[in-house]
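Hi,

Here is the structure I promised to pass on. Have a look at it first, and then read my notes underneath.

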Amino acid sequence: MLAACLEFLGLALCVTGSLLVMVACGLPMWKVTAFIDSNIVVAQTIWDGLWMSCVVQSTGQMQCKVHDSVLALSQDLQTARALTIVSAVLGVVALSVTIAGAQCTNCINEETVKARVVNAGGVTYILSGLFVLIPLCWMANNIIVDFHDPQVPPSKKREIGAAIYIGWAATALLLLGGTLLCCSFSQLVRGVYPIKYAPTKTISVNGDFDKKHYV
């Protein structure tokens, strides 16, 4: 029972984390305009994402433009694109693997094979979290370095956007859920293997055991 609860909880956390990775990948708010001037009244706000850049006017109107060339992007954006997509794909693969070995499904009958399959799904989810963590930390580090660089003009300074925070939350869910999946089939959680007793021998009408039980 405990193993099934851990498995369900881990899978729920991992699925939520994978969905948040996809949301963070599509959102354009990886870098946002930093308001560091004395005049806080600005006419527009700039959002920079992996796939597009958006300009939000003070009137509420928003215009977005997709990045024209991949090679023209900075190295951190190119890496973030690739690793985020890999993380999302790994999340889908891990979901299929975990469901195939889950206790609530009959795709696999052997308990030892089920344990190995669920462990493989948990490890895949952990790898998915690590793949998305690398571009998040790299992007956040570049934003902080540029923000404190006096040679960068104030109009070019950016702050950490909501997409990076969502990505960090997704990473935490993936790592925690993957760890729970790996532990759900451990010997400590499941306890000792259940003892299987031999079937009871039947007694014939005359009081003797049936001959089919003798070798």
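**The helical spans**

Let me begin with residues 122-141: this span is 100% helix and 0% strand, and its end C-alpha atoms lie 29 Å apart. Please keep in mind that this is a predicted model. Residues 162-181 are likewise 100% helix and 0% strand, with 28 Å between the end C-alpha atoms. I picked those two spans from the UniProt record, an unreviewed entry, which places the feature "transmembrane region" at residues 6-30, 82-102, 122-141 and 162-181.

**How the helices pack**

Now for the helix pairs. Two packed helices are described by the angle between their axes and the distance between the axes, and I'll give you both for each pair.

Start with helix H3 (residues 111-147) and helix H4 (residues 162-184). Their axes are 8 Å apart and the packing angle is about 155 degrees. Angles over 145 degrees count as roughly antiparallel, and H3 and H4 are therefore roughly antiparallel to each other. Their crossing is left-handed. If you sort the residues of the contact of H3 with H4 by class, you get 18 nonpolar, nine polar and no charged ones.

H4 also packs against helix H1 (residues 2-26), again at an angle of about 155 degrees, with the axes 7 Å apart. That is why H1 and H4 are roughly antiparallel to each other too. H1 and H4 cross in the left-handed sense. In the contact of H1 with H4 there are 18 nonpolar residues, eight polar residues and one charged residue.

What does H1 do with helix H2 (residues 75-101)? The axes of H1 and H2 come within 9 Å and cross at roughly 155 degrees, which makes H1 roughly antiparallel to H2. The crossing of H1 past H2 is left-handed. On the H1 side, the residues are Leu11, Val15, Ser18, Val21, Met22 and Cys25; they meet Thr84, Ser87, Ala88, Gly91, Val92, Leu95 and Thr98 in H2. By class, the contact of H1 with H2 divides into eight nonpolar, five polar and no charged residues.

One more residue to click on is Leu90, which is found in helix H2. Which residues does Leu90 touch, leaving aside those up to four places away in sequence? They are Thr124, Leu127, Ser128 and Phe131. Leu90 and Thr124 are 34 residues apart in sequence, but their C-alpha atoms are 6.5 Å apart in space.

**The sheet**

The model also has an open sheet of five strands in the order E4-E3-E2-E1-E5, with antiparallel pairing. E4 and strand E5 (158-160) are at the edges with a single partner strand each, so one side of each has no neighbour in the sheet. On average, neighbouring strands of this sheet are turned by 25 degrees against each other, direction ignored.

Here is a walk through the pairs, beginning with E1:

- Strand E1 (residues 31-33) runs antiparallel to strand E2 (residues 44-48), and two bridges join them. Val32 has Trp47 in E2 as its bridge partner.
- E2 and E3 pair in the antiparallel sense over five bridges. They form a hairpin with three residues between them. Look for Ile46 here, since its bridge partner in E3 is Val55.
- Strand E3 (residues 52-57) and strand E4 (residues 62-66) run antiparallel as well, joined by five bridges. Val55 stands opposite Gln63 in E4. E3 and E4 form a hairpin too, with four residues between them, and Gly60 in the turn has a positive phi of about 105 degrees.

When you look at the side chains, remember that in a regular strand they alternate between the two faces of the sheet.

**Where helix and sheet meet**

Which helix lies across E1 and E5? That is H3, which runs at about 140 degrees to E5. To see H3 from both ends of the story, compare this with its packing against H4, where the angle is about 155 degrees.

Shout if anything is unclear.

Cheers

Definitions and conventions. Residues are numbered from 1 along each chain as its sequence is written. This is a predicted model: local features need pLDDT of at least 70, side-chain atom pairs count only at pLDDT 80 or more; totals for chains, interfaces and linings use all residues. Side-chain values use heavy atoms; hydrogens and water are left out. Two strands pair if DSSP finds at least two bridges between them. Axes are lines fitted to C-alpha atoms, for helices over the stretch in contact, and angles run from 0 to 180 degrees between N-to-C directions. Angles under 35 degrees count as roughly parallel, over 145 as roughly antiparallel, 65 to 115 as roughly perpendicular and the rest as oblique. A crossing is left-handed if the near helix is turned anticlockwise from the far one by less than a right angle, and right-handed if clockwise. Ala, Val, Leu, Ile, Met, Phe, Trp, Tyr, Cys and Pro count as nonpolar, Asp, Glu, Lys and Arg as charged, and the others, Gly among them, as polar. UniProt positions are given in the numbering used here, feature names are shortened, and annotations may be inferred rather than shown by experiment. Contact means heavy atoms within 4.5 Å.
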